[in-house]
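Welcome! Here are some short exercises to help you find your way around a new structure. Try each one yourself before reading the solution.

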Amino acid sequence: MTIASRNFALVHRVSGLVLALFLPLHFWALGQALQGEAKLESFLRWADQPLVKASEWAIVLLLAIHLTGGVRILMIEFLPWRDWQKTLAAVAAATALAIGLLFALSSTAHAQNWPQKSVRFIVPFPPGGATDISARMVGQKLTEIWGQTVVIENRGGAGGGVGAAEAAKAAPDGYTLFFPSGSVVTANQHIYAKLGYNPEKDFVPVTNVVSGPQVLVVPANSPHKSVKDVIDAARAQPGKLTFGHAGIGSQTHLAAENFVNAARIDAVQVPYKGEGPALVGLIGGDTAFAVTNVAAAIGHIQSGRLRALGVTSKTEFALLPGVPAIAKTLPGFENTGWFGIVAPTGTSREIIQKVYQDTKKALESTEMRARLYVQGLAPVGNTPEEMGAAMKAESALWARVVKERKIKVE
Amino acid sequence: MSARAQTLLWVAQRASAALLGVCVLVHLATMIYAVRGGLTAAEILGRTSGNVAWFAFYTVFVLAIAVHVPIGLRAVLAEWAGWRGRGRDPALICLAIFLVYGGMSAVKGVFR
């Protein structure tokens, strides 16, 4: 036996011994972990510890070393190769295996170690609107799950375009995520001639977080007591009635345009920097009505500052009993708003999956569902692929509506 | 131990090693696919659950380990620890049984 062969045999045996000690432990831990979902979760948390990670790497290297020796032994016994050729072939095979395993482990580790610092959610509207409310509620739950603070940064303006442009330029490291309302990434590209971002190229979908209907509201002292009253008033004075919204191209703008279009009335739109300011304007009597997200208006409705006349869901909405569906006056009318997470293009797939999974988990808690319910929001939590397909379909729809309604900003 | 039994162990050791080589590569490819595809543990289990092919594959993997490890240890114990007595083989058979039991518990968890 040559010195090389002796060394290989020795290394093969030592590595084999360590692996033999490890395997029963590995099987026992796996068997325990796979007995139930709760145990699996605790096992994964245990496996994520630095010491456990380090031992995983050591085991992988040992496996590669053991296989090198094993392959070489098989070659010596079964293949008439020269000694150095066998060594080279065995080392090459084991190196390829070790690289593959380390690659697999490191990519898991990358996602499992994220986040190591606070995560920024850019919300493209000021505080007080439904987008902001949704982001804060989910952000709070994700803070608990990640053990890192989710910071909400409000960047209002240009129908969400200001925040979107900033998010598009952010480093795709997962530490900056964009939390828009649907229209910012599905409608703005058809409305604005100049946009500081490209929704299709600059962002990748993560998950649609929540959705909910909108509500037609008027100030408490408004003479309009029903959807029909608003329509009649607009018809009596074409081009006089005004409606406020969160900005041109925003979900509340498009919802109102959809209503105006369906009612075949002529009303004047008044853009604000966000849904919150638009509602303040409405309460102050600056505008006549708004078709706003339930989440943003519910507080004002319950406190009596605003009167709800109709909801955009197909039927009456449980949270607003006694408020009829607009469809009762305008058969077939329906409009839904949604709020989700997208990430700057280039963000790793592992991080995207983690954000999606953890958001889904956050939405599954009874406490979160209850909190969303009282805001008039329903949890969604679809996959990145499903969100991407829905965004594509919605973008095509808004392209048509925007063209028909001639909504254009130069 | 008879020469015939020794030969049988030698063949079993080599055959299980060859089988393990293939199993490790398949397991590795699966791991990379799952991890790069962003699948979570729950999603992976969702795909393996009720899948007879995965059950058969990991059963073969576990059985190959249960054959390979005790035979390898047998030689090491004899040559390094000088343990050639009557207690060695029953101890190794116990180890093989434990490996089959532990391994199949994990396989069962993956399959169910």
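**Exercise 1. Confidence in chain B**

Among the elements of chain B, which has the lowest mean pLDDT and which the highest?

*Solution.* Keep in mind that this is a predicted model.
- Step 1: begin with the chain as a whole. The average pLDDT of chain B is 85, and 91% of its residues score at least 70.
- Step 2: go through the elements. The lowest mean, 68, belongs to helix α2 (residues 41-48) of chain B, and the highest, 92, to helix α3 (residues 52-80) of chain B.
- Step 3: draw the lesson. Where pLDDT is low, the predicted coordinates should not be read in detail.
- Step 4: turn to the complex, for which the predictor gives an ipTM of 0.83 and a pTM of 0.55.

**Exercise 2. One lysine in chain B**

Decide whether Lys108(B) is buried, partly exposed or exposed.

*Solution.*
- Step 1: locate the residue. Lys108(B) is part of helix α4 (residues 88-111) of chain B.
- Step 2: count neighbours. Lys108(B) has 15 C-beta neighbours inside 10 Å.
- Step 3: apply the cut-offs. Buried needs 20 or more and exposed 12 or fewer, so Lys108(B) counts as partly exposed.
- Step 4: look across the chain. Phe55(B) is 53 residues away from Lys108(B) in sequence, yet their C-alpha atoms are 7.7 Å apart in space.

**Exercise 3. The nonpolar cores**

Find out which strand gives the largest share of the largest nonpolar core.

*Solution.*
- Step 1: size up the core. It has 89 residues, and those with the most contacts inside it include Phe179(A), Val217(A) and Ala290(A).
- Step 2: find the main contributor. Strand β4 (residues 203-219) of chain A supplies eight residues, the largest share.
- Step 3: check for another core. A second, separate one of 15 residues includes Phe27(A) from chain A, along with Ala64(B), Ala66(B) and Ala106(B) from chain B.
- Step 4: zoom in on Ala290(A). Among the residues it touches are Val217(A), Phe243(A), His245(A) and Leu282(A).

**Exercise 4. Two helices that cross**

Work out how helices α5(A) and α14(A) are oriented to each other.

*Solution.*
- Step 1: take the geometry. Helix α5 (residues 130-146) of chain A packs against helix α14 (residues 349-364) of chain A at an angle of about 110°, with axes 9 Å apart.
- Step 2: classify the angle. Since 65 to 115 degrees counts as roughly perpendicular, α5(A) is roughly perpendicular to α14(A).
- Step 3: add the handedness, which is right-handed for this crossing.
- Step 4: list some partners. Val138(A), Leu142(A) and Trp146(A) are among the α5(A) residues at this meeting, and α14(A) brings residues including Thr359(A) and Ala362(A).

Terms used: Residues are numbered from 1 along each chain as its sequence is written. Chains are lettered from A and ligands numbered from 1 in the order in which they are written. This is a predicted model: local features need pLDDT of at least 70, side-chain atom pairs count only at pLDDT 80 or more; totals for chains, interfaces and linings use all residues. A nonpolar core is a set of buried Ala, Val, Leu, Ile, Met, Phe, Trp, Tyr and Cys residues joined through C-beta atoms within 7 Å. Helices (H or I, at least four residues) and strands (E, at least two) are DSSP runs, numbered from the N terminus. Two residues are in contact if their C-beta atoms, placed from the backbone, lie within 7 Å. pLDDT is the predictor's confidence in each residue, from 0 to 100. Axes are lines fitted to C-alpha atoms, for helices over the stretch in contact, and angles run from 0 to 180 degrees between N-to-C directions. Angles under 35 degrees count as roughly parallel, over 145 as roughly antiparallel, 65 to 115 as roughly perpendicular and the rest as oblique. A crossing is left-handed if the near helix is turned anticlockwise from the far one by less than a right angle, and right-handed if clockwise. Lists of a residue's contacts leave out its neighbours within four places in sequence.
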